[in-house]
Amino acid sequence: MVPAINVRDIVVTKKIAEEKLEIGDIITFISPDARFGGISITHRIIEKKYDDSIGSYTYKTQGDNNNVADAALVPDSNVLGKVILKLPKLGYIQDLLASKGGLIFVVLIPSLIILSYDIMKILKKVGQKTNLIKE
């Protein structure tokens, strides 16, 4: 979806009524194409048709950076929502958290800092009580 949505951008979607989706809207949907194994995809609607056989709309979609439209039509039941917000570069944080090094950086190091701080507070209180007892 480059340039509208770049790699490592995160999108927020909102489920809206199928009648309100229009050509040009960017939607996230579960791929109806068996080759993609039901992954979620975010593409732009380029064509919208009402299908009497299923009683709802179907959408022809295409990524902004793709030369051709997607092969399979997307039924409304597969639409997760319309993109309402893009959070640039937030995917880098997601990648960091998903890595082993990121887990150590984000969880273990702060935990050790908090634990060290608490130990220092305990030792300080024990030292104060020892001084009171000696006096």
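In the predicted model, strand β2 (residues 26-30) runs antiparallel to strand β6 (residues 79-87), and three bridges join the two. Within this pairing, threonine 28 has glycine 81 of β6 as its bridge partner. Strand β2 is also joined to β3 by five bridges, again in an antiparallel arrangement. Here the bridge partner of isoleucine 30 is serine 40 in β3. Strand β2 is mostly covered, with four of its five residues buried.

These pairings belong to an open sheet of six strands, ordered β1-β6-β2-β3-β4-β5 with antiparallel pairing. Strands β1 and β5 (74-75) stand at the edges and have a single partner strand each, so one side of each is left without a neighbour in the sheet. In a regular strand, side chains alternate between the two faces of the sheet.

Strand β3 (residues 40-51) runs antiparallel to strand β4 (residues 56-62), and seven bridges join them. Two of the residue pairs can be named. Lysine 49 stands opposite threonine 58 in β4, and lysine 48 has tyrosine 59 of β4 as its bridge partner. The hairpin formed by β3 and β4 has four residues between the strands, and glycine 55 in this hairpin takes a positive phi near 75 degrees. Like β2, strand β4 is mostly covered: five of the seven residues of β4 are buried, as are four of the five in β2. On to the edge strand, β4 is joined to β5 by two bridges, and these strands also run antiparallel. Tyrosine 59, the bridge partner of lysine 48, stands opposite valine 74 in β5.

Along the sequence, the protein chain follows the pattern β-β-β-β-β-β-α-α, which comprises six strands and two helices. The radius of gyration of the chain is 26 Å, whereas a compact globule of 135 residues would have one near 14 Å. Taken along the principal axes, the C-alpha atoms fill a box of roughly 90 × 30 × 25 Å. Of the 135 residues, 24% are buried. The accessible surface comes to about 9500 Å², and carbon and sulfur atoms account for 62% of this surface. Among contacts between residues at least 6 apart in sequence, 52% join residues at least 24 apart. The side chains include 18 positive and 15 negative ones, and the centres of the two sets lie 14 Å apart.

The segment before β1 (10-14) includes methionine 1. Methionine 1 has a relative accessible area of 16% and is therefore buried, the cut-off being under 20%. Leaving aside residues up to four places away in sequence, methionine 1 touches Ile26, Thr42, His43, Arg44, Gln62, Gly63 and Asp64. Ile26 falls within the residue range of β2, Thr42, His43 and Arg44 fall within that of β3, and Gln62 falls within that of β4. The C-alpha atom of methionine 1 is separated by 10.0 Å from that of isoleucine 41, although the two residues are 40 apart along the chain.

Further backbone features are found in the segment before β1, where proline 3 is located. A cis peptide bond, with omega about 10 degrees, joins valine 2 to proline 3. Arginine 8 lies in this segment too, and its phi is near 80 degrees, a positive value in a residue other than glycine. Arginine 8 is partly exposed, at a relative accessible area of 36%. A positive phi also occurs at lysine 89, where the value is near 65 degrees, again in a residue other than glycine. Lysine 89 lies in the loop between β6 and α1 and counts as partly exposed, with 46% relative accessibility.

Helix α1 (residues 91-98) contains alanine 98. With a relative accessibility of 68%, alanine 98 counts as exposed, a class that requires over 50%. The C-alpha atoms of alanine 98 and tyrosine 50 are separated by 41 Å, and the two residues are 48 apart along the chain. Tyrosine 50 falls within the residue range of β3.

Key: Residues numbered from 1 in each chain as written. Predicted model: local features only at pLDDT ≥ 70, side-chain atom pairs only at ≥ 80, totals over all residues. Heavy atoms only, no water. Rg over C-alpha atoms; globule rule 2.2 N^0.38 Å. Buried < 20%, exposed > 50% of the residue type's maximum accessible area, 1.4 Å probe, protein only. Contact = heavy atoms within 4.5 Å. Areas by Shrake-Rupley, 256 points an atom, 1.4 Å probe, with all protein chains shown as cover. Lys, Arg positive; Asp, Glu negative; His and termini not counted. Charge placed at Lys NZ, Arg CZ, Asp CG, Glu CD. Pairing = 2+ DSSP bridges.
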